[in-house]
Structures are given as structure tokens and as C-alpha cells.
Amino acid sequence: MLWVIGINHKVEVDIRQKFSLTKTKLQEKLISLKKIADEVIILSTCNRTEIYFFSEEYVDIEKIFTELGWDKRYMHLFYIYKDKDCVKHLFEVVCGFDSLLIGEEQIVAQVKEAKEIAKQVGGKNPVLERLFEVALKCSKEFRTKSRLNEHPITIASVVGKVLKESNIRKIAIIGLGNIGFLFCNYFKNSDVDKVFLIGRKNEKMDQFVKLYPEKFEYCDKKDAISEAQCLICSTSAPHAVVHKEDVPEGKNLLIFDLAVPRDVDIEVYKLPNVKVIDIDEVHKMDTINREFRISKMQENYNIIEKYVDEFVDWLEFRKYKGLIMDMKKHAEELGRMQVRHLKNVDSEEIRKIEGLLIRMANLYIDRAIEVLREAHKEGSGEICSNLIKRIFLK
């Protein structure tokens, strides 16, 4: 059984942040969830936390909440999709249909990262890895044919439009991960005067400091906030990192809090000269080319349907996996049995003859598998599989 349990941007950020998982926590929970399901991949972003499962046995959703230490009182806010609906949901997510910024492409990198983390931490996930690979392939074709690259949209472009309209020219960025890098990449070609980088130095950010020293510089948090007109927060910290005492008294400051959980302490929201815009409010500002993107995406939805049907067909065909393995095993046994009858033949020749017999048997087995695949598509897979058992296994 294949399914996903998740919560997304349709639930307000104050509740959503209770279920967000930092990278460290995510790795820990992947290992934990492997105890109750065969395969697990977790997709955790500022807009969603989704857990994808594949398991031969049914897994109780309450057990998942218990294993993750989540409050079961919020279970009703989660959606659960199974089998084909699960596949369709992921493909819509990676193609940008389920994003607040319709058509945004940051989700593609996030899906890739989720797949890789699960592979590194939780071991093999053959069904889910294939699901995510097909989803990414679907996204590539869908975005190309929808021409979304001609009208790109990112969270940086939405925020950048607000800054330009407000004539803000000095910006501080706290959180130098993927979102911080996205903003720096956007600001390198904008007409802002200064970008203060708050956080640990890393290779990605160093390139901006080296290439544009007059525009980018690392800075202490308090000094940067004192100088800046705007603060952009996007850390992965599990707690607030910007507090009331970090903001000079009486200072006018615009803050974009893009983190989940929130980076900005609630007391900062109350400061008279400070305006804080959270991640959900930013997404509501998305008006750039929105109608064009929606129109083009709807025109090409058949691409998603095609990939969904192909994956579901592959998933359903897996039920014959045992039969196929039995046939292959039987072919090897037959090959070994036949060479026992050979007389006056040395061991090297016997090995070659045995290999040849097995290869010949596998040629017929591969053809039988193709016939079974065709029968399965036509709805007569069970009848065909029974015939194949009688021919090859009895």
C-alpha cells in the first residue's frame, strides 16, 4: 500500500510550525518510522510536511503521530491520500499546482533533497524512490511544455517587488541556507545598495562576497539590523532567533519571516515601528504572471495524468514480482539439472553450457513477462499469470 499523510499551507503557519521538521530531526524521524513501515520519505518545507509510505502491511496513522511525538488533537487537519491519489498528489506538488506561489520551482529541489536524505539515512526505498524519480521526470516535461521558465516566480521575486516599491535599499539576511542563497542570487542583479549576511560563512555565500564586495558583506546580527531597512529571516532553527532586544528602540524596520517555525519572536510583532510579514502573507502577494501560469498549467494537465497512469500501472504490475522471481529461479535450477546428465565434459565446459541454458530459458521468460504485462493492461493479468505458472512452474 502506498500513501501520504500531510499538512500544508491551507493550515495557518502557527499550527503548521508545530509539525515542521529540521534536517536533523527529519533524519532522526526517518530512522524511527522505518520501524513501522517498509519505506519512508519525508518532504518538509516551509509550506508543508508530508510523509510518504510504502508498506505491505497496514500502518496505523496514530502510530505515526506517536512515533513523531505529534499532538493527536490535530490529526483532523491532516490529509491522507492512498495509492493512485497519493501518486497524483505528489505529481501535482512537484509540478507547482499545490504551492501557494502557483508554479514555483523551488519545490523541485526540495523533492530531490527529500529523496536523497531518505536514501542516505533510511536505506533503500525502491518503490518510493521510483515514485519520486518519475515525479521529477513528470515535472521537467510539464514545466517545459507549460513554458513556466518564461515567466518564473520565486519567493525572492515576490519580496523583491515589495522592496522596490518601498524604495528599500539596505537589506539584512539571517539564515544562509537555500532560501538565503536564493535571495542573494536575486539581489546580485537588483539595484539594492547593501546586503548584510548574518550567520556562519559558507562557500555558497562567499562567492557573492568575493564577486560583489561593495554589495555583500558578513555582519553581526545587531549591527546589521541597526543598518538595514529590511530583515529577511529564513533559518532552520527550532526557535525564534530575532528578539525585541535585537531591534533598536524606535527603528523603522520591515521584516519578512519566511521560516517555519517562525524566526521572529511574537514580541517583535508588537513593536510600533516594525512591520512583520510571515510566509503565508508573502504568498498572498503573488500576482506576478499568476493568471498566465495557471492557464498554461491547466492546458498541460494531461501530462500529469499520463505519468500518474504509467506509475500506477507499474505499481500494480509489482504484484507479479514473486511469480517472475520464481520463474527465474526455476530456470537456474533446470539449467543445473540438465548439465548433470553430461558425460566426459570438463567443469569449465559444464559451466558454459549451464550458463547458455539459463540464458535461453530467460529469453523465453522475458517474453512471457511482456505477454503478462500486455494482459495486465488489458485486464486479464490473473488469467495470464495462471497460465504462465502452469507452463513454467509445474
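User: Where is proline 261 found in this predicted model?

Analyst: In the predicted model, proline 261 lies in the loop between strand 9 (253-257) and helix 11 (266-269).

User: What kind of peptide bond joins valine 260 and proline 261, and what is omega?

Analyst: The bond joining valine 260 and proline 261 is a cis peptide bond, with omega about 5°.

User: What is notable about the phi of aspartate 83, and where is the residue placed?

Analyst: Aspartate 83 is not a glycine, yet it has a positive phi of about 50°. Its place is the loop between strand 4 and helix 4.

User: What makes helix 4 oblique to helix 6?

Analyst: The axes of helix 4 (residues 84-94) and helix 6 (residues 126-146) come within 9 Å and cross at roughly 45°. Angles under 35 degrees count as roughly parallel, and 65 to 115 as roughly perpendicular. The crossing angle falls in neither range, and helix 4 is therefore oblique to helix 6. The crossing is right-handed.

User: Which residues of helix 4 and helix 6 meet, and how do they divide by class?

Analyst: Val87, Leu90, Phe91 and Val94 represent helix 4. Their counterparts in helix 6 are Leu131, Phe132, Val134, Ala135, Leu136, Cys138, Ser139 and Arg143. The contact divides into 10 nonpolar, 1 polar and 1 charged. Ser139 is the polar residue, and Arg143 is the charged residue.

User: Why is helix 15 called roughly antiparallel to helix 16?

Analyst: The axes of helix 15 (residues 321-339) and helix 16 cross at roughly 150° and come within 9 Å. An angle over 145 degrees counts as roughly antiparallel, so helix 15 is roughly antiparallel to helix 16. This crossing is right-handed.

User: What does the contact of helix 15 with helix 16 consist of?

Analyst: The helix 15 residues in this contact include Leu323, Ile324, Met327 and Ala331. Those of helix 16 include Ile350, Ile353, Leu357 and Ile369. By class, the contact has 13 nonpolar, 3 polar and 5 charged residues.

User: Why is helix 14 described as oblique to helix 16?

Analyst: Helix 14 (residues 301-317) and helix 16 (residues 347-378) pack at an angle of about 120°, with their axes 11 Å apart. The perpendicular range runs from 65 to 115 degrees, and roughly antiparallel requires over 145. The angle lies between these limits, which means that helix 14 is oblique to helix 16. The crossing is right-handed.

User: Which residues meet there, and how many are charged?

Analyst: Asp313, Glu316 and Phe317 in helix 14 meet Ile369, Leu372, Arg373, His376 and Lys377 in helix 16. The classes are 3 nonpolar, 1 polar and 4 charged. The charged residues are Asp313, Glu316, Arg373 and Lys377.

User: What makes strand 2 and strand 4 edge strands?

Analyst: The open sheet has 4 strands in the order 2-3-1-4, with antiparallel pairing. Strand 2 (39-44) and strand 4 (79-82) each pair on one side only, and they are the edge strands. The twist averages 15° from one strand to the next.

User: How do you know that strand 1 and strand 4 pair?

Analyst: Pairing needs at least two bridges, and strand 1 (residues 2-7) and strand 4 have 4 bridges in the antiparallel sense. In one of them, tryptophan 3 has lysine 82 of strand 4 as its bridge partner. Helix 3 (residues 61-68) packs on this sheet, touching strand 1, strand 3 (49-54) and strand 4. Its direction makes about 55° with that of strand 1.

User: Why do strand 7 and strand 10 stand at the edges of their sheet?

Analyst: This open sheet has 6 strands in the order 7-6-5-8-9-10, and the pairing is parallel. Strand 7 (216-218) and strand 10 (274-278) each have a single partner strand, so one side of each is without a neighbour in the sheet. The twist averages 20° from one strand to the next.

User: How do you know that strand 6 pairs with strand 7?

Analyst: Strand 6 (residues 194-198) and strand 7 share 3 bridges in the parallel sense, against a requirement of at least two. Valine 195 has phenylalanine 216 in strand 7 as its bridge partner. Helix 9 (residues 203-211) packs on the sheet and touches strand 6 and strand 7.

Definitions and conventions. Residues are numbered from 1 along each chain as its sequence is written. This is a predicted model: local features need pLDDT of at least 70, side-chain atom pairs count only at pLDDT 80 or more; totals for chains, interfaces and linings use all residues. Side-chain values use heavy atoms; hydrogens and water are left out. Axes are lines fitted to C-alpha atoms, for helices over the stretch in contact, and angles run from 0 to 180 degrees between N-to-C directions. Helices (H or I, at least four residues) and strands (E, at least two) are DSSP runs, numbered from the N terminus. A crossing is left-handed if the near helix is turned anticlockwise from the far one by less than a right angle, and right-handed if clockwise. Contact means heavy atoms within 4.5 Å.
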